[in-house]
Amino acid sequence: MSWIRITNVDNLPLREGRKVVVHDRELAVFNLGNGKYAAVDNACPHRGGPLCDGIVTGHAVVCPLHAWKIDLETGNVAKPEVCVRTLNYEVQVVDGVLTVYLPENLRKDLAA
Amino acid sequence: MEKLVMIGNGMAGVACLENILKFPNKFDVTVFGDETHPNYNRIMLSSVLAGEREADDITINGLDWYQKNGVGLRLGVRITKIDREKRVVLGDDGSVTKYDKLVLAMGSSPIIPRLEGINKKNVFTFRNMDDTRGLLAAARPGAKAIVIGGGLLGLEAARGLQVQGCDVSVVHLTDTLMNRQLDATGGVHLRKRIEQLGVEVHLGRSAAAIQGNGHPTGLTFEDGETIPAEIIVIAAGIRPNAQLAREAGLACNRGIVVDGYMQTSDPRIYAVGECTEYNGETWGLIAPLLDQGRVLASAITNHETEMWKPSAPAAKLKIMGVDVFSAGEYLESEDTEVVRYEDAAIGVYKKLLVRDNRLAGVVLVGDASDSNRYMDWLRNNTDLLVRRKNLLFPEPVSDRGEVVAEIADSETVCGCLGVTKAQIIQAIHEKGVNTMAQLKETTRASTGCGSCAGTCQGLLKAVAPDFEEETKKILCKCVPYSQDNLREMILTQRIKSVQEVLDIYGDGHGCEVCKPALSYLVDVVWCGDHSEDRSARFINDRVHANIQNDGTFSVIPRIRGGVTSAAELRKIADVADKYSVRMVKITGSQRIDLLGVKKEDLPKIWEDLGMPSGQGYAKGVRMVKTCVGTEFCRFGVQDAISAGIELEKRFENLYTPHKTKMAVTGCPRNCAEATVKDIGLVGQEGSWQVVVGGAAGKSVRKADLLITVTTTDEALEAAALFFQYYRENANYLERSYDFVERLGIEKIRKETVYAQPKVRKGLLQRLQKSKTLSKDAWLERREPVHPTQFVQIQPLDPTPVVMESIQ
């Protein structure tokens, strides 16, 4: 069981992100509108900026520090043209609750 | 080589000449123009009057064009006689010029109504560059101006004069403005819009006399009422200039009679433009006249051509925010069917007249965005049978590229100059056209009324390999409009949220560039009475603190005028201790900055401080820097502290296009550095200087003097006028110093401190409305806009405790 229940989707305002810490990993979870949600590591691959505080544009977020644009569906950096990415996670909504799939190798409690 | 003489140097004539010159070495050409300017775009005179363009900007063919093409140009010479027997024309300079072929392109003249006392200074027609210059010289803020004639030209003149600060009325003979293009309903909506601009409208009234001795003082109506007037513009229609032809014995009625090849009753003489009459009709709108020029060029050079067929006349009112378009028929008749849409609340009216399933005419008021489509239906006589159910509501197309792709190659893109899509694409491919400027130069497209500029841009974008978008003008590719346009759209379409703008005019998503800009625009257009969408704001404006490079925030409490107290400082010190603030710093603008604060601590810190936000994170009103002034300083001549605190109170909590820094200094020694602030008050013995547009950042700029006034109240009001004017007219992220340089301090003075009373009042009222609806952002600590605005989300599945240390 690596699906982790995060929070009631009502806690995520439309087109905004929020920070949440699960299993010592800091994630940014987003409400993209039209019933779509996303989750990535809450650190821009550039200088570690808090992606949860970025402006959402379509299915991407723009880091508030230096405007790197991260595609939330793939984790890839969409702007500028660099070959780095941030970890993204599968999400689903179950009974109004956003849940995130945290692979077992990333779960600290199972890592040992 | 045959000698070709052209009488007239206007748009229709010279455009025709351009076509003649496409057939090489046919003629030795001489052009006579009685104006002293090279050929310019007469349609754009109203934008010169409105200050949107300089006289030079509307030149179509500069002197170099005549030289390059070997055309002899005689400016300022009026032809007084055509001698058809000797085949010469006589000029008022004594010149005698021989011709083999003669082209009459003499245009038209304003109709001057019979008015008692009309021969006065400051009574103008509005026809040529000299008229425009005269009007510009006479117009001054507060002057009473009356435009006689509420047609296209009259309304544009009225708006131009109003922009120059005049107090304008329009007097119109019939009950419908633009009654040559609009039906009564369209006229009603247009009238509302014109009145909304602040122009007074008198319908169904005719002027009888102009009062005054040398200069006008009033205009008297036929019913005896007199209204004050200092400037009078006559725009009551035009009459073809046919007198010269008539005297030469050519067939003339109202205009010079031509056949379908533009030939007059003398086979050596042709005529083109507003001076012509064909099948008993004359024309005053440009598009069909440019068609005449093409026919004439072929005919006079003995090339085969089809006969001229008058295209549907189309008129577009060129007043920002007042969309009016009319083409073809505009009044119902027995055999036309009417398709109508009207929304009185927002002033949108659309009417199509259909005959045999084909468009016979269209009237659009309030929203002319679809005018090109209707024009295309008119021109191509498109069969509308299959579209009958949704003539007024096309499928919305989201991508501009698709729109231009849908245009047929043969379709005319620029109706004024008759340029087709195929010609534009050819120019792009074969002549390497990459910019709008090059496109205008090579094809002439978009040099007429300019309404096809969007389509031309779209074509360039889609086809030109190295298209250089004039990006400065449009906000963003997500919403490809200038901020001036967007403001108008938001206002006239009553759009209250960022997402609506993006859905209606943009790509539906927006980005980090346009969303904060649109957030600002909807806020300022509706004076704060908009629907706020925090997701469109930068993080600083969601949590009211400035994000730092490590993701923490800084907190700057408002300390008005930089005047604090021991108790306040103690509170700040306690907060710094309690929340382990990493650094406490006094900034360059007399502010105290608490750095390194976690987001979730923000509301608690604000509560403990009990002080309002200093907006140090926002494009908004920063704290006002002051010197001690007369309170303590032995050199002080004004009370800088009180004035500074009052200034801050009046503007604080409002958003501005960019950060707004202000200072008040109590004497010309300027210790508070007011002359390098966005707004500064410099105290002098017995007066205040209000200065604006100063900077001491990336660049240094000394502020311009807005006005010198005697009392503090007057100084605060002048500052308020500029402040609100800047809020309403600057582009988002445009600092006041760039804004002042762009517009020029003269224009700003005219439209703020020297504007007519109702304009000043309007600015102050809108500022007041914004102020009333604003509040200290830090109060959201008690009423957050969303439950998780500041609160960190705790996962529902608890994280198991892992005993790392044991392993």
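**A tour of chain B: helix α9, a parallel sheet and the nonpolar cores**

Start with α9 of chain B: its buried residues pack against β21 (314–316), β22 (324–328), β25 (358–365) and α13 (453–463) of the same chain. The model is predicted. To see the packing side, select B:Ser371, B:Asn372, B:Tyr374, B:Met375, B:Trp377 and B:Leu378, the buried residues of this helix, which spans residues 371–380. Then select B:Asn381, which follows α9(B) and has a positive phi, near 55°.

Next, show the open sheet of five strands in chain B, with parallel pairing and the order β9-β16-β10-β11-β12. β9 (123–125) and β12 (200–202) stand at the edges; each has a single partner strand, so one side of each has no neighbour in the sheet. On average, neighbouring strands are turned by 20° against each other, direction ignored.

Within the sheet, select β10 (residues 144–148) and β11 (residues 167–171) of chain B, which run parallel and are joined by five bridges. One residue pair to pick out is B:Ala145 with its bridge partner in β11(B), B:Val168.

Now add the helices. α4 (residues 129–138) of chain B packs on the sheet, touching β9 and β16 (231–234), and its direction makes about 145° with that of β9(B). α5 (residues 152–163) of chain B lies across β10, β11 and β16, running at about 170° to β11(B).

Finish with the cores. In the largest nonpolar core, of 142 residues, B:Leu104 and B:Val233 touch the most other members. Helix α8 (residues 286–300) of chain B gives the most to this core, eight residues. A second, separate core of 126 residues includes A:Ile70, A:Leu98, B:Cys478 and B:Ile793.

Notes: Residues are numbered from 1 along each chain as its sequence is written. Chains are lettered from A and ligands numbered from 1 in the order in which they are written. This is a predicted model: local features need pLDDT of at least 70, side-chain atom pairs count only at pLDDT 80 or more; totals for chains, interfaces and linings use all residues. A nonpolar core is a set of buried Ala, Val, Leu, Ile, Met, Phe, Trp, Tyr and Cys residues joined through C-beta atoms within 7 Å. A residue is buried if 20 or more other C-beta atoms lie within 10 Å of its own, exposed if 12 or fewer, and partly exposed in between; C-beta atoms are placed from the backbone. Helices (H or I, at least four residues) and strands (E, at least two) are DSSP runs, numbered from the N terminus. Two residues are in contact if their C-beta atoms, placed from the backbone, lie within 7 Å. Two strands pair if DSSP finds at least two bridges between them. Axes are lines fitted to C-alpha atoms, for helices over the stretch in contact, and angles run from 0 to 180 degrees between N-to-C directions.
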